[in-house]
Amino acid sequence: MKVEDFISNRARIVDGSGIRKMSELSQNMIKSINLSVGQPDFDVPSNIIEAMYLAAKEGKNKYPPTQGIDELRRKILEKKNIKNSDIDVVITPGATAAIFIALTTCFNEQDEILIADPYYVQYIEMLKILNIRPSIVDTYPDFKLSVEKIKRYITPKTKGIIINSPNNPTGVLLKNNELEEILQYARNNNLVVIYDEIYKDYNFSKEKINLADIYNNVIVINGFSKSYAMTGWRLGYAIANKIIVERMTRIQAQIYTSAASIIQYGAIEALDTDMTLFIDTYKERHKYVKNNLSKYYNISNSEGGFYFFVEVPKELNMTATEFCKYAITKNLVLIPGKVFSQYDTHFRFSICQNIKELKDAINILKLIKEKVK
Ligand code: PLP
C-alpha cells in the first residue's frame, strides 16, 4: 500500500488553507505588503501576559475543569450581562473549537445548514469533516444576510444557520433589527443558530449590537483571538442553553479535554483590560481605507471586523485569483474571493497593517487599475 492509501475519505476532502497558499506565494518577497492576514498587528497587552505567567508560577498547571475555570465562565456571563440561569458557557481552545463542537453537538450527518456566501472558510471545511451539508445562501451584491435571501434556500432538511457578523471576509455588520428578524425567522422554523461574533469589538458603526436574548436555539461563539491579539493562545467560548452547553462539554472532554489552564487565567485579566486604544487604531484605519480605496474600487459596505471585500474591476477582465497573482508581482498580497465564495470576482483586503502600509497598498491597487486598463 502507498502511504496515501492510509488517508481516510474524510481527510482527503479537506482543503488546505487558501489563505496560507497565497501567503506562501509571497514568502520569498522581501518587501511585500501582506494584506492576507486576519490577526491584529499589536501584541497581547503585558498585564494579560503577566497574569498568565503568574498562574503558571502559582502552579495552576494541572487539568482545569473541562467546561472552563469557574471564575472565567462567571466573568464572561457577567460581562455579557446574562442573568438567565438557563444560559451557560463552555470555554474552548479557540472559537474554532467552539464552532466545531457546536456543529458536532447539534447536527447529524446529512442535515443541512445555511451558510452565507461569502463565508469564513473553516465553516465549509468543518462541515465536510462532519458530513453536514452546506446550503449556500448567495448574499451578493450587498453581502447582507436577510430573511428574504434565506427563504430562497431553506428546505425541509435545513436544521440550522451560521451567522457571522461583523463578517469575514466582507466586514458587513447586521444591525440589531436585521439580526433579530433573522433570529425570529430561525425560531419560527426551528433552526439552530450558530452566531459567530468573534469581531464584535471591532464594530465601527454607531450602533451597539446586542442580542435581545439568547434563545434556546442560539449558540453564541466568541473568543480572545481578535479582541486581545491572542490568536496564538487559542481561547474561545460558546454561550448557549445549559442543556446544549452540557452536551458540548461532554464532546469537548473527549476531543480536547479542556482549554489550556494558564491561558484561561490570562483571559480573566483580559476581560478587565481596556482595549479602546487598540480598537480606535483599527477604527481609524477602517475609515482611511473606506474613504480612499472607494475612490478607485467598488468595496463592500464594511462596518466592522478587519476586512473589506473588493470587486475586481470588470474592465480588467480578470478573475480575482488572476488579479491577486498579478498583485503579488507588485508586492501586494491579497486573498482572492474564490477562497471564501463560489464566485471569484472579489478579493479580501485586511486592515491589520499600519496606515502607511495601507496607503501604499491602495496606491498599488490604483496603479494596477490604471495600468491594466
Ligand atoms: N470565526 C471567524 C469568522 C474568524 O474569522 C476566525 C478567525 O479568523 C475564527 C472564527 C477563529 O477564531 P479562533 O482564533 O478563536 O479560533
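A disulfide is a pair of cysteine sulfur atoms within 2.5 Å. The model is predicted, so local features need pLDDT of at least 70 and side-chain atom pairs count only at pLDDT 80 or more, while totals for chains, interfaces and linings use all residues. Residues are numbered from 1 along each chain as its sequence is written, and side-chain values use heavy atoms, with hydrogens and water left out.

**Exercise 1.** Work out how many disulfides the structure holds, and what Cys 324 and Cys 352 show.

*Solution.* The structure holds zero disulfides. Cys 324 is in no disulfide, and the nearest cysteine sulfur, that of Cys 352, lies 16 Å away. Seen from the other end, the closest cysteine sulfur to that of Cys 352 is in Cys 324, and 16 Å is too far for a bond. Next, consider accessibility, where buried means under 20% relative accessible area, exposed over 50%, and partly exposed in between (1.4 Å probe, protein chains only). Cys 324 has 0% relative accessibility and therefore counts as buried, and Cys 352, at 2%, counts as buried too.

**Exercise 2.** Find which strands stand at the edges of the open sheet of three strands.

*Solution.* Strands (E, at least two residues) and helices (H or I, at least four) are DSSP runs, numbered from the N terminus, and two strands pair if DSSP finds at least two bridges between them. The order is β9-β12-β11, with antiparallel pairing. The edges are therefore β9 (307–311) and β11 (335–336), since each has a single partner strand and one side without a neighbour in the sheet. Five bridges join β9 to β12 (residues 346–350), and Val 310 has Phe 347 in β12 as its bridge partner.
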